[in-house]
Every structure is written in structure tokens, then in C-alpha cells.
Amino acid sequence: MITRRIPALLLALSPFWLSTSMAAENSSADPVTVIDEKLGNKQVELQANAEEFDSETQRFQQLQNDHAKLKRDEQDLNAKRNRAKSALDKQYSRLLEDPEIDLVSLQKEYQDSWNAVKGNQSELLENQQLVTESEVRLSQIKQKQARLKSEFAYLEEQKVEARVKRLAAELSESDVVQTSFKTTCSATMTLGECTSQGQQLTKQKAVKAFKTALMDRLTESTLAKQNASGVQLNVHVQESQLIRTGFEGNNSYFTELQAQLQAKPEATAACKLLNVSTRYCLKSDAYAQQKQQDKNWVAVTVRSDQYNDNVVINGVKYGSTPVEIMLPRGLHQVTVSKDGYQTYNRKVTINHNDTVWVKLREQQG
């Protein structure tokens with residue numbers, strides 16, 4: 001006999017999915033897309049900055065070349081002026097003996113050489129000012145470049161966080177799946193056992209279908225599927241509604257049902273699927289809530305009277321003293337050891353910021 005029931009679960013959940021859909025349509029733009037746009041703009045700024053830096057570097061190099069030429073010219077012009085002065089001095093000496101000697105040409109040559117020296121000095125001063133300004137400009141461009149790179153790196157970090165958050169939200173979505181399954185019951189099974197087996201196998205099929213659909217709907221579905229091996233999605237059947245059940249001959253039992261399913265993935269699932277560091281997944285709401293309880297954490301410093309010792313706290317190795325860590329208030333196992341010395345191994349109660357001082361004693365014999 002075949003039993004039929006109205007698919008009430010789907011009808012009951014319809015308003016929920018309708019409101020969810022409408023909310024999704026009205027939601028703001030995808031944060032990852034927004035960050036991508038900011039990254040693009042920042043990349044343009046970096047490129048413009050790099051071009052400005054190259055241009056200013058070329059200008060600075062040209063100014064330095066001009067400065068070197070002006071310095072060479074300075075030596076030549078000073079030498080020329082000195083020669084003109086020497087020649088003029090000689091003519092002045094001869095003027096005492098021959099008042100008719102013409103000094104005009106020599107005077108003009110000396111004046112011209114002196115003017116050339118002064119002109120060179122003026123150009124050197126101007127060039128030095130331009131070199132200084134160019135150095136300042138290069139320093140400003142470098143500072144801006146460092147800031148832009150820092151902002152770009154920050155945006156990249158924000159993008160990874162946004163991708164993880166988006167995927168985590170997508171993995172947490174629930175859905176209604178309608179599926180059917182036909183199983184063969186053994187002759188030794190009771191009617192109840194056969195019914196239970198049919199329902200369980202149908203739910204398993206629904207879970208598998210839900211997983212497949214869930215992975216297909218992910219924004220970064222291709223990447224997630226490549227890294228899906230070993231990731232626990234932990235799909236739960238929250239509610240189920242039988243639509244049609246019954247025997248169909250030859251010990252075959254048919255089950256059709258609707259089920260509301262939701263994944264409750266492991267804490268690091270989003271990070272594993274995106275192949276990023278699991279530290280991004282520790283920024284979940286649960287972790288953030290835990291971090292807000294900073295009053296339950298204290299700063300602890302472990303020191304000893306020996307170098308190159310080994311510190312282990314609650315089974316975790318922290319290297320040699322001094323060790324500075326954050327620990328929750330309460331009882332902690334502290335072990336400090338070193339070859340040739342007796343091991344310090346104590347349970348220490350810590351309720352506030354504190355320092356644990358350890359004195360290691362040499363082993364006897």
C-alpha cells in the first residue's frame with residue numbers, strides 16, 4: 001500500500017525562502033567585489049607612483065650630470081680667469097715703462113672671464129637647489145609608495161578575510177531537498193525496521209544531493225571543489241516530511257520525502273576550501289566573542305636563572321626563557337628543564353598578570 005502526504009514542509013518554508021531571497025536582492029554589494037575594485041584603484045595609484053618615481057629619478061640623474069659638468073666648467077673658467085688676470089697684471093707692470101700700452105682688450109678679456117665665473121657660480125647654486133628639491137621629491141614619492149604598498153597589502157588581507165567570511169556564510173545556508181529512494185528489505189526484517197531503513201537511506205541520499213548542490217552554488221565553487229577532500233561539512237537534517245512511502249513488490253520499499261538540511265562545517269572549512277591560512281577562520285564570530293572576554297586572559301612571563309633552557313606550558317613548547325604569553329585565568333602546568341639540572345614541574349594558579357620565577361638546581365651525582 002502506498003501512503004501519500006501533502007508536502008507541508010516546503011509550503012511552510014516558502015515564506016522564509018521568499019523573504020531570504022528578497023533580503024539578498026536588497027543587500028549591499030558583495031564585499032569581495034568592493035575590495036577588488038579598491039585593489040584595482042590602488043594598483044593604478046601604484047603604477048602612477050612608479051612612473052612618477054622613474055621620471056623623477058631620471059630628472060635627478062640629469063641634474064647630477066649637469067652639476068658635474070658645471071663643476072668641470074668651474075675649474076676651466078677659474079683657470080681662464082686666472083690667466084686673464086695674470087696677463088693683465090703683466091701689462092700693468094709694463095704700463096709704468098710705456099704709458100701708451102693698450103689695456104682695453106686685456107681688461108675686457110678679464111671682465112668676460114670673471115663674468116663667466118660668476119655666471120657659472122649662479123648656475124651651480126640654482127642647480128644645487130634643484131638637486132635638493134628633487135631629492136626631497138624622491139623621498140616624498142618613496143614615502144607615498146610605501147604607504148600605497150601598505151594599503152594594497154592591507155586590502156589583500158581584507159579580501160582574503162572577506163572571501164572566507166563569504167564562503168562561511170554560503171556554507172551555512174540551509175535548503176529544502178525533495179528526494180526518493182527504493183530499498184530492498186530482507187525477509188528477516190520487521191515492517192518497522194524496513195521503514196526505518198528506507199527513511200534513513202533516503203535521508204542519506206538527500207544529504208548527498210544537498211552537499212553537491214551546496215558546493216555548486218558557492219561563489220568560488222571550482223576552487224572549493226579542488227580542495228574539498230577531507231573537509232567536514234557536517235550536514236544535518238533539521239526537519240523532514242514524508243511525501244510517499246510503501247511497498248512496491250519483491251520486498252522493495254519506496255520512500256519519497258522533503259527535508260530541510262543545513263551544513264555545520266568544521267571551524268576551518270572555509271579556509272581549507274579556499275586554500276588559505278586557517279588563521280583567517282579564527283576570526284569567526286565565536287572567536288571574536290572569545291576575544292572580547294579579554295578580562296579572562298592575563299599576561300604571564302616565565303623566567304629562570306639559566307640560559308638555553310626549555311619551557312613547556314600545558315604541553316606546548318615555548319622555547320627558552322624568558323617566555324611572555326597570554327593565558328586564561330586558572331590552573332596551568334609549567335615545566336622548565338635543562339640538561340644537567342632537575343626539572344621544574346609545577347601546577348601554577350594564575351589570576352592576574354604575573355611572572356613565574358624558576359630556580360633550576362643541578363642534578364646530584
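This report describes the fold, strand pairing, disulfides and unusual backbone sites of a predicted model.

## Overall make-up

The protein has 365 residues, and 31% of them are buried. Its secondary structure comprises seven helices and 11 strands. The accessible surface is about 23500 Å², with 49% of that belonging to carbon and sulfur atoms.

Contacts can also be sorted by separation in sequence. Among those between residues at least 6 apart, 68% join residues at least 24 apart.

## The annotated coiled-coil span

The UniProt record, an unreviewed entry, places a "coiled-coil region" at residues 53-90. In the model, that span is 100% helix and 0% strand. The C-alpha atoms at the two ends of residues 53-90 lie 55 Å apart.

## The β3-β4 hairpin

Strand β3 covers residues 235-247, and strand β4 covers residues 252-263. The two run antiparallel and are joined by 11 bridges. One pairing to look up is Gly-246, whose bridge partner in β4 is Phe-254.

Four residues sit between the strands of this hairpin. Gly-249 takes a positive phi there, near 90°. Just ahead of the hairpin, the loop between α5 (221-226) and β3 holds Asn-234. Asn-234 also has a positive phi, about 50°, although it is not a glycine. With a relative accessibility of 34%, Asn-234 counts as partly exposed.

## The four-stranded open sheet

Four strands form an open sheet, ordered β7-β6-β9-β10, with antiparallel pairing. The edges are β7 (316-319) and β10 (344-350), each of which pairs on one side only. From one strand to the next, the twist averages 25°.

How many bridges hold β9 and β10 together? There are seven, in the antiparallel sense, with β9 spanning residues 330-337. Leu-331 has Thr-349 of β10 as its bridge partner. In a regular strand, side chains alternate between the two faces of the sheet.

## His-332 inside the sheet

His-332 lies in strand β9. Is His-332 buried or exposed? Its relative accessible area is 5%, under the 20% cut-off, so His-332 is buried.

Beyond neighbours within four places in sequence, His-332 is in contact with Asn-314, Leu-327, Arg-346, Lys-347, Val-348 and Ile-350. Val-348 is 16 residues away from His-332 along the chain. Even so, the C-alpha atoms of His-332 and Val-348 are separated by 5.3 Å.

## Two disulfides

A search of the whole structure finds two disulfides. Such a link is a covalent bond between the sulfur atoms of two cysteines. Counting bonded cysteines along the chain, the pattern is 1-2, 3-4.

Cys-185 and Cys-194 make up one link, with sulfur atoms 1.6 Å apart. The torsion about their S-S bond is about 65°, so this disulfide is right-handed. Cys-185 is buried at 6% relative accessibility. Cys-194 is buried as well, with a relative accessible area of 1%.

The other link joins Cys-271 to Cys-281, at an S to S distance of 2.1 Å. It is right-handed, with 125° about the S-S bond. Cys-271 belongs to helix α6 (residues 269-274), while Cys-281 is in the loop between α6 and α7 (285-291), so the pair ties together parts 10 residues apart in sequence. Both Cys-271 and Cys-281 are buried.

## Unusual backbone sites

Most residues other than glycine have a negative phi, and most peptide bonds are trans. The model departs from this pattern at several places. Asn-234, with its positive phi of about 50°, is one of them.

Asn-308 is another non-glycine residue with a positive phi, here about 55°. It sits in the loop between β5 (297-304) and β6 (310-313). At 65% relative accessibility, Asn-308 counts as exposed.

Which residues flank the cis peptide bond? They are Thr-321 and Pro-322, with omega about 0°. Pro-322 is located in the loop between β7 and β8 (323-328).

How values were computed. Residues are numbered from 1 along each chain as its sequence is written. This is a predicted model: local features need pLDDT of at least 70, side-chain atom pairs count only at pLDDT 80 or more; totals for chains, interfaces and linings use all residues. Side-chain values use heavy atoms; hydrogens and water are left out. Two strands pair if DSSP finds at least two bridges between them. Axes are lines fitted to C-alpha atoms, for helices over the stretch in contact, and angles run from 0 to 180 degrees between N-to-C directions. Buried means under 20% relative accessible area, exposed over 50%, partly exposed in between (1.4 Å probe, protein chains only). Contact means heavy atoms within 4.5 Å. Accessible areas come from the Shrake-Rupley method with a 1.4 Å probe; for residues, only the protein chains shown count as cover. UniProt positions are given in the numbering used here, feature names are shortened, and annotations may be inferred rather than shown by experiment. A disulfide is a pair of cysteine sulfur atoms within 2.5 Å.
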